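Please open the model in your viewer and keep the sequence panel beside it, since each stop below begins with a selection to make.

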Amino acid sequence: MKKIVQLVFGDARNVASVLIALALGWACAKWAPAASGWVLVATLIASAFWQAI
């Protein structure tokens, strides 16, 4: 569990990417609940690429 918390809250980019992913997943769940999981996955993948830069 400690590794997961460190991975998510390690630096400002991690916190921002997780918050953006959750916000987009939540917003999508309001309009298209079936697609919210895919939006969350796509956003997390995009965040991983952003972290790799």
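Leaving aside neighbours within four places in sequence, which residues is Ser36 in contact with? Select Ser36 and display what surrounds it: with those sequence neighbours set aside, the contacts of Ser36 are Gly25, Cys28 and Ala29. Ser36 belongs to helix α3, which covers residues 36–52, and the relative accessible area of Ser36 is 17%, so it counts as buried, the cut-off being under 20%. Bear in mind from here on that this is a predicted model.

**The whole chain**

Before going further, zoom out and colour the chain by pLDDT. The average over the chain is 80, and 83% of the residues score at least 70. Select residues 2–8 to see helix α1, which has the lowest mean pLDDT among the elements of the chain, at 67, whereas α2 has the highest, at 83. A cartoon view will show three helices and zero strands, in the order α-α-α when followed from the N terminus. If you then colour by accessibility, buried residues account for 15% of the 53 residues in the chain.

**The pair α2 and α3**

Next, select residues 12–31, which form helix α2, together with α3, and turn the view until both axes can be followed; the two helices pack at an angle of about 160°, and their axes are 8 Å apart. Because an angle over 145 degrees counts as roughly antiparallel, α2 and α3 are described in that way. The crossing that these two helices make is right-handed.

To see what makes the contact, show side chains on both helices: α2 contributes residues including Arg13, Ser17, Ile20, Leu24 and Cys28, while α3 contributes residues including Ser36, Val39, Leu40, Leu44 and Trp50. Coloured by class, the contact of α2 with α3 has eleven nonpolar, seven polar and one charged residues.

**Cys28, on the α2 side**

Now select Cys28, which lies in helix α2. Is Cys28 buried or exposed? Its relative accessibility is 17%, and Cys28 therefore counts as buried. When neighbours within four places in sequence are left aside, Cys28 is in contact with Pro33, Ala35, Ser36 and Val39, so that the stop at Ser36 is met again here from the other helix. Draw a distance from the C-alpha of Cys28 to that of Leu40, and the viewer should give 8.8 Å for two residues that are twelve apart in sequence.

**Leu40 and Leu44, on the α3 side**

Move the selection to Leu40, whose place is in helix α3. Leu40 has a relative accessibility of 29% and therefore counts as partly exposed. Not counting residues up to four places away in sequence, Leu40 touches Ala21 and Leu22. A second distance can be drawn from Leu40 to Ala29, which are eleven residues apart in sequence and 9.9 Å apart from C-alpha to C-alpha.

Finally, select Leu44, also found in helix α3. At 44% relative accessibility, Leu44 counts as partly exposed, because the range for that class ends at 50%. How far apart in space are Leu44 and Ser17, C-alpha to C-alpha? The distance is 7.5 Å, although 27 residues separate Leu44 and Ser17 in sequence. Both residues are among those that make the contact between α2 and α3, and this selection is a suitable place to end the tour.

Notes. Residues are numbered from 1 along each chain as its sequence is written. Side-chain values use heavy atoms; hydrogens and water are left out. Helices (H or I, at least four residues) and strands (E, at least two) are DSSP runs, numbered from the N terminus. Buried means under 20% relative accessible area, exposed over 50%, partly exposed in between (1.4 Å probe, protein chains only). Contact means heavy atoms within 4.5 Å. Axes are lines fitted to C-alpha atoms, for helices over the stretch in contact, and angles run from 0 to 180 degrees between N-to-C directions. Angles under 35 degrees count as roughly parallel, over 145 as roughly antiparallel, 65 to 115 as roughly perpendicular and the rest as oblique. A crossing is left-handed if the near helix is turned anticlockwise from the far one by less than a right angle, and right-handed if clockwise. Ala, Val, Leu, Ile, Met, Phe, Trp, Tyr, Cys and Pro count as nonpolar, Asp, Glu, Lys and Arg as charged, and the others, Gly among them, as polar. pLDDT is the predictor's confidence in each residue, from 0 to 100.
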